[in-house]
Amino acid sequence: MDSIQILVNVTGFALIGVIVWWFFFYKNEKTTAQTGAGGMQEVDITVQGGYRPAEIVVQAGKPVRLKFTRKESSSCSEEIVLPGFGKRARLPENQTVTFVVTPETPGEYRFACGMNMLHGKLIAR
Ligand SMILES: [Cu+2]
């Protein structure tokens with residue numbers, strides 16, 4: 001093997017490693033909603049190529065304030081849909097859009113972009 005072939009092989013193995021890591025080991029950042037003044041659960045979500053945090057642990061039966069701030073111009077994330085709560089809204093760039101939702105029963109409540117490509121969820125306990 002000449003040096004180009006070695007380089008191609010090393011690069012290929014490195015890419016395989018990244019892909020394996022992504023599928024099997026990458027975990028979404030999980031956050032527990034903070035309880036703010038007035039006893040309302042609150043969480044700030046940054047929208048940029050996905051949702052950060054993408055998994056939010058909340059208490060069931062209590063209202064949660066979700067504050068989405070979209071920090072990109074990509075059209076993919078311009079809409080947010082919370083099907084479990086019948087909510088949908090546009091996310092203007094660099095503005096915060098707030099929802100108040102109440103997950104009535106324990107379980108998972110997903111949210112996504114308008115194309116259902118970016119995903120996140122509330123985990124109500
Ligand atoms: Cu999208």
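Which atoms coordinate the copper ion? I looked that up before anything else. Cys76 supplies two, O and SG, while Cys113 gives its SG and Met115 its SD, at 2.2 to 2.7 Å. Donors here are N, O and S atoms within 2.8 Å of the metal (3.2 Å for Na, K and Ca), and water is not among the atoms, so sites may look incomplete.

**Ground rules**

I am working on a predicted model, where local features need pLDDT of at least 70, side-chain atom pairs count only at pLDDT 80 or more, and totals for chains, interfaces and linings use all residues. Residues are numbered from 1 along each chain as its sequence is written, and side-chain values use heavy atoms, with hydrogens and water left out.

**Copper site, continued**

I checked the geometry next. The angles among the 4 donor atoms run from 87 to 135°, and the site is irregular. For the label: four donors count as tetrahedral if all angles lie between 85 and 135 degrees; four count as square planar and six as octahedral if opposite donors are over 155 degrees apart and all others between 65 and 115; anything else is irregular.

The sequence spacing of the donor residues reads C-x36-C-x1-M. Cys76 sits in the loop between β6 and β7 (79-82) and Cys113 in strand β10 (residues 107-113), so this pair ties together parts 37 residues apart in sequence. Both Cys76 and Cys113 are buried (under 20% relative accessible area; exposed is over 50%, partly exposed in between, with a 1.4 Å probe and protein chains only).

**Overall layout**

I count 1 helix and 11 strands in the protein, and the helix comes ahead of the strands from the N terminus. Helices (H or I, at least four residues) and strands (E, at least two) are DSSP runs, numbered from the N terminus.

I then compared the radius of gyration with the globule rule. The protein has 19 Å, but a compact globule of 125 residues would have one near 14 Å. That value is taken over C-alpha atoms, and the rule is 2.2 Å times the number of residues to the power 0.38. Along the principal axes, the C-alpha trace spans about 70 × 30 × 25 Å. Buried residues make up 35% of the 125.

**Strand β3 and its partners**

How many residues of β3 are buried? I get 5 of the 7 in residues 41-47, so to speak "mostly covered".

I followed β3 to its partners, where two strands pair if DSSP finds at least two bridges between them. With β6 (residues 64-70), β3 runs parallel through 7 bridges, and Val47 stands opposite Arg70. With β2 (residues 34-35), β3 runs antiparallel through 2 bridges, and Thr35 faces Gln41. These two strands make a hairpin with 5 residues between them, and Gly38 in the turn has a positive phi of about 85°.

On β4 (residues 51-52), I again find 2 bridges to β3 and an antiparallel run. Val47 has Tyr51 as its bridge partner there. This hairpin leaves 3 residues between the strands, and Gly49 in the turn has a positive phi of about 65°.

**Strand β7**

Glu79 and Val81 point one way from β7, Ile80 and Leu82 the other way, and all are buried. In a regular strand the side chains alternate between the two faces of the sheet.

I found 4 bridges joining β7 to β8 (residues 87-90), antiparallel, with Leu82 partnered by Lys87. Their hairpin has 4 residues between the strands, and Gly86 takes a positive phi near 65°. β7 also has 2 antiparallel bridges to β10, where Val81 pairs with Ala112.

**Backbone oddities**

Where is the cis peptide bond? I found that it joins Arg52 and Pro53, with omega about -5°. Pro53 lies in the loop between β4 and β5 (55-58) and is buried at 7% relative accessible area.

I also noted two asparagines. Asn94 has a positive phi of about 60° although it is not a glycine; it is in the loop between β8 and β9 (96-101) and counts as exposed at 55% relative accessibility. Asn116 likewise has a positive phi of about 60°, in the loop between β10 and β11 (119-124). Most residues other than glycine have a negative phi, and most peptide bonds are trans.
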